[in-house]
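Thank you for sending this along for a second look. My comments follow as numbered points, beginning with the overall fold and then turning to the aromatic residues.

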Amino acid sequence: MWERVLDRAGIREPEARREYTAQRRAVHRFAPAEYTAARLLLPAPLQPDVVVLVAFMHETDDRIDRGALPEREAALRRWRELTDEALATGTSPHPVLRTLALTVRRHPALRGRVDAFLDGAAQEVAWERFGTEAEVERYVEEYSLPALMLSMCLLAPDGDPASAGFERACLALITAMQRLDFLEDLAQDVREGRVGVSDQALARHGLTLRDLRARTAPADRVARLVTDQTDVAAASLRTARSLPGLAAREHRPFLRAVLRVQELRSAAVRKAGPSLATRPCGPSPVGCGAALLREVARRSLSPPRTRPRAAATAPGSCP
């Protein structure tokens with residue numbers, strides 16, 4: 001099956017096929033849910049490139065998320081040097097970067113997306129606390145959105161107005177996703193002292209990080225905080241519902257499934273309420289699986305296209 005995917009993506013050279021296959025195995029291992037969604041619902045020609053971009057993003061996050069601030073800053077500088085060298089020369093001692101270089105060669109406009117992601121990674125390195133809601137929004141716009149657009153740009157429609165509308169909807173989607181991430185991980189983040197809920201939002205509900213860390217925060221106040229933050233995420237998610245309608249038909253099943261999974265996450269966070277101060281939560285695996293299978297079934301019932309759309313894998317396809 002994977003061999004046919006590589007064929008349909010036009011990846012013929014044996015060494016390139018080995019590189020893409022290695023990254024496929026890695027992503028399957030560390031992000032099985034995302035991998036399954038991509039394999040079931042994305043057009044075959046896009047799958048190898050999306051896999052590599054997810055692997056690159058994961059590797060970047062892993063490298064810059066360890067140690068004290070000076071260590072994280074040094075790790076980002078070194079990783080950026082290695083990435084720039086790989087994209088300039090077409091090769092690298094690092095397997096992810098070798099395959100990233102192949103992907104950028106297939107989609108030259110991806111180079112700008114890679115640069116934007118690495119520029120924004122400085123936000124990820126630096127943050128420990130958000131003082132205000134505006135700082136959370138800045139983090140999402142400067143880091144989370146470029147991270148999402150690494151792969152989502154391959155699904156964007158052609159043309160400046162259409163692609164701009166698609167990216168605005170992606171901003172709404174990633175705003176919801178990031179807010180939900182911060183709530184799901186609240187207990188762990190409190191222990192580590194890097195909290196994604198702003199001091200402003202905590203204060204609005206009579207809470208402090210010290211209260212949360214000491215587990216002395218009143219449950220009713222934590223419940224109100226969770227409800228408030230989930231409402232913010234849900235509002236962004238409603239805006240993001242326009243996303244499938246902005247994309248080509250062959251990309252809509254994947255986008256609808258992504259949106260449905262975020263709705264399940266939102267419901268799970270809301271239900272968890274004050275317990276998020278002490279333990280993480282996540283959406284129902286059964287519900288997520290059902291969302292994927294629903295879109296697989298829906299796609300199989302759709303009539304075939306009589307004339308294929310211009311391939312999104314053409315060089316320079318990322319707006």
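How many helices and how many strands does the chain have?

1. The chain has 16 helices and 0 strands. Please keep in mind throughout that this is a predicted model, and that the values quoted below are computed from it.

2. On overall dimensions, the C-alpha trace of the chain spans about 60 × 50 × 35 Å along its principal axes. A compact globule with 319 residues would have a radius of gyration near 20 Å, and because the chain has 20 Å, the two agree.

3. On packing, buried residues make up 51% of the 319 residues in the chain. Among the contacts with a separation of 6 or more, 73% are accounted for by residues 24 or more positions apart. The chain exposes about 15,100 Å², and carbon and sulfur atoms supply 54% of that area.

4. Turning to the aromatic side chains, rings pair if their centres lie within 6.5 Å, and by this rule the count comes to 10 aromatic pairs. One of them is formed by Trp127 and Phe182, which meet edge-to-face at 5.7 Å centre to centre, with 65 degrees between the planes. This pair links distant parts of the chain, since Trp127 lies in the loop between α7 (110-126) and α8 (133-152), whereas Phe182 belongs to helix α9 (residues 160-184), 55 residues apart.

5. Are the two partners of that pair buried or exposed? Buried means under 20% relative accessible area, so Trp127, at 9% relative accessibility, counts as buried, and Phe182, at 6%, counts as buried too.

6. Phe130 and Tyr139 form another edge-to-face pair, with 5.4 Å centre to centre and 65 degrees between the planes. Phe130 counts as buried because its relative accessibility is 3%, and Tyr139 likewise counts as buried because its relative accessibility is 3%.

7. These two pairs are best read together, for ring pairs link Phe56, Trp79, Phe117, Trp127, Phe130, Tyr139, Tyr143 and Phe182 into a cluster. The residues discussed in the preceding points, Trp127, Phe182, Phe130 and Tyr139, are therefore among the members of this cluster.

8. Which charged residue sits over the ring of Trp127? The charged end of Arg194 does, at 4.7 Å from the ring centre. In a figure of this region, I would suggest showing Arg194 together with Trp127 and its ring partner Phe182.

Terms used
Residues are numbered from 1 along each chain as its sequence is written. This is a predicted model: local features need pLDDT of at least 70, side-chain atom pairs count only at pLDDT 80 or more; totals for chains, interfaces and linings use all residues. Side-chain values use heavy atoms; hydrogens and water are left out. Rings of Phe, Tyr and Trp (its six-membered ring) pair if their centres lie within 6.5 Å; planes under 30 degrees apart count as stacked, over 60 as edge-to-face and the rest as tilted. Helices (H or I, at least four residues) and strands (E, at least two) are DSSP runs, numbered from the N terminus. Buried means under 20% relative accessible area, exposed over 50%, partly exposed in between (1.4 Å probe, protein chains only). A charge sits over a ring if NZ of Lys or CZ of Arg is within 6 Å of the ring centre and within 35 degrees of the ring normal. The radius of gyration is taken over C-alpha atoms; the globule rule is 2.2 Å times the number of residues to the power 0.38. Contact means heavy atoms within 4.5 Å. Accessible areas come from the Shrake-Rupley method with a 1.4 Å probe; for residues, only the protein chains shown count as cover.
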